[in-house]
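Hi everyone, thanks for making time this morning. Could you bring the model up on the screen so we can walk through it together?

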Amino acid sequence: MIEARHLRVLRAVAATGSFSAAGRELGCTQPAVSQQMKALEASAGTPLLVRTGREMRLTQAGEALVRHATGILAGLTAAEEEVAAIAGLRAGRVRLVSFPSGSSTLVPTALAALRAEHPGTRVSLEEAEPPKSVEMLREGDCDVALAFRYEGATGTDEWDDLVVRPLLADRLVGLVPEGHRLARTESVAIEDLAGEPWIAGCPRCRGQLVEICEGAGFTPRIDFATDDYPAVAGLVGAGLGVAVLPELAVESVRPKGVRTVALRPVVRREIVALTLPDLARVPTVAATLDQLAGAAAR
């Protein structure tokens, strides 16, 4: 295999005409130049120089290699500079996928801080709910996934192969219309809403709602189901039912005509940023995780 350092020596010898002059240009000794040229000729499998007295003349193979060396070394230098820029956070990209309420609350703050600190870093954003977002991470379709899971849920080993950066615990709250009989109460037991029509959210949230209600001794009558949090809030505000949403989702919606009430028992979902172990060592990915954690702490 031809090494870049040997090509640099060959180019210096071709330019100066001797080992000693090449050594002076490269800052090494004449024997070191001779040794590296022997190694290069062994790799090439053919003579590259003809020695005539004190002068060196390139063979046809040597001329071909010198001709290609310029482009090879220029490309290598450019690659080294680009990698150094990425490692130094002067360049690079991160593909982020997030669930909607995270996209409208945590992500903007985190990305604004990332851009301010590392303006050369580019971030793309796509929305997906877990487990789809986690699948995208494992399949190489993103670098960081903002995801959640509910406390006490089964399958807590689903992220064991990933780097998990905990961000915050997001409490579930009840949503009722402003004129609802429980709208002025400080907290509500979930069973107090047993006879109400329900508006359910995303599939994972919907499953959690049914699980909570069945644990309280009833099955919710779900009249409407939508992944769109503003739609959930709008349906509640119109008096069409009640709902349970994470506080992060309520913050992203700022609903009108709706009252939020604390729920008993307290249920939380764990918000995390996920990445693969190898990706966690990439400077741009590590910086994105740090900024997401910083946004969650505000």
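Let's begin with helix 7, which gives the most residues to the lining of the largest cavity, 5 of them. Please keep in mind that this is a predicted model. Two other elements also give two or more residues to that lining: strand 8 (197-200) and strand 10 (243-246).

So who is in the wall? Going along the chain, the lining takes in Tyr150, Leu172, Ile199, Ala200, Gly201, Cys205, Arg206, Gln208, Leu209, Ile212, Val244 and Pro246. By type, 9 of these residues are nonpolar, 2 are polar and 1 is charged. The space inside comes to about 80 Å³.

How many cavities of 30 Å³ or more are there? The count is 2. The second largest holds about 30 Å³, and its lining is made up of Leu172, Ile190, Ile212, Leu263, Arg264, Pro265 and Val267. Here we have 6 nonpolar residues, no polar ones and 1 charged.

Now over to a helix pair. Helix 1 (residues 4-16) packs against helix 3 (residues 30-44) at an angle of about 115 degrees, and their axes are 9 Å apart. That angle makes the two helices, helix 1 and helix 3, roughly perpendicular. Their crossing is left-handed. On the helix 1 side, the contact is made by Arg5, His6, Val9, Leu10 and Val13, and helix 3 brings Val33, Gln36, Met37, Ala39 and Leu40. Sorted by type, the residues of this contact are 7 nonpolar, 2 polar and 1 charged.

That's my tour, and I'm happy to go back to any view.

Note on methods
Residues are numbered from 1 along each chain as its sequence is written. This is a predicted model: local features need pLDDT of at least 70, side-chain atom pairs count only at pLDDT 80 or more; totals for chains, interfaces and linings use all residues. Side-chain values use heavy atoms; hydrogens and water are left out. On a 1 Å grid over the protein atoms alone, a cavity is a set of points where a 1.4 Å probe fits but cannot get out, and a pocket is an open set with protein on both sides within 12 Å along at least five of seven lines; lining residues have an atom within 4 Å of a point. Grid points are joined across faces, edges and corners, and a volume is the space filled by probe spheres set on the points. Helices (H or I, at least four residues) and strands (E, at least two) are DSSP runs, numbered from the N terminus. Ala, Val, Leu, Ile, Met, Phe, Trp, Tyr, Cys and Pro count as nonpolar, Asp, Glu, Lys and Arg as charged, and the others, Gly among them, as polar. Axes are lines fitted to C-alpha atoms, for helices over the stretch in contact, and angles run from 0 to 180 degrees between N-to-C directions. Angles under 35 degrees count as roughly parallel, over 145 as roughly antiparallel, 65 to 115 as roughly perpendicular and the rest as oblique. A crossing is left-handed if the near helix is turned anticlockwise from the far one by less than a right angle, and right-handed if clockwise. Contact means heavy atoms within 4.5 Å.
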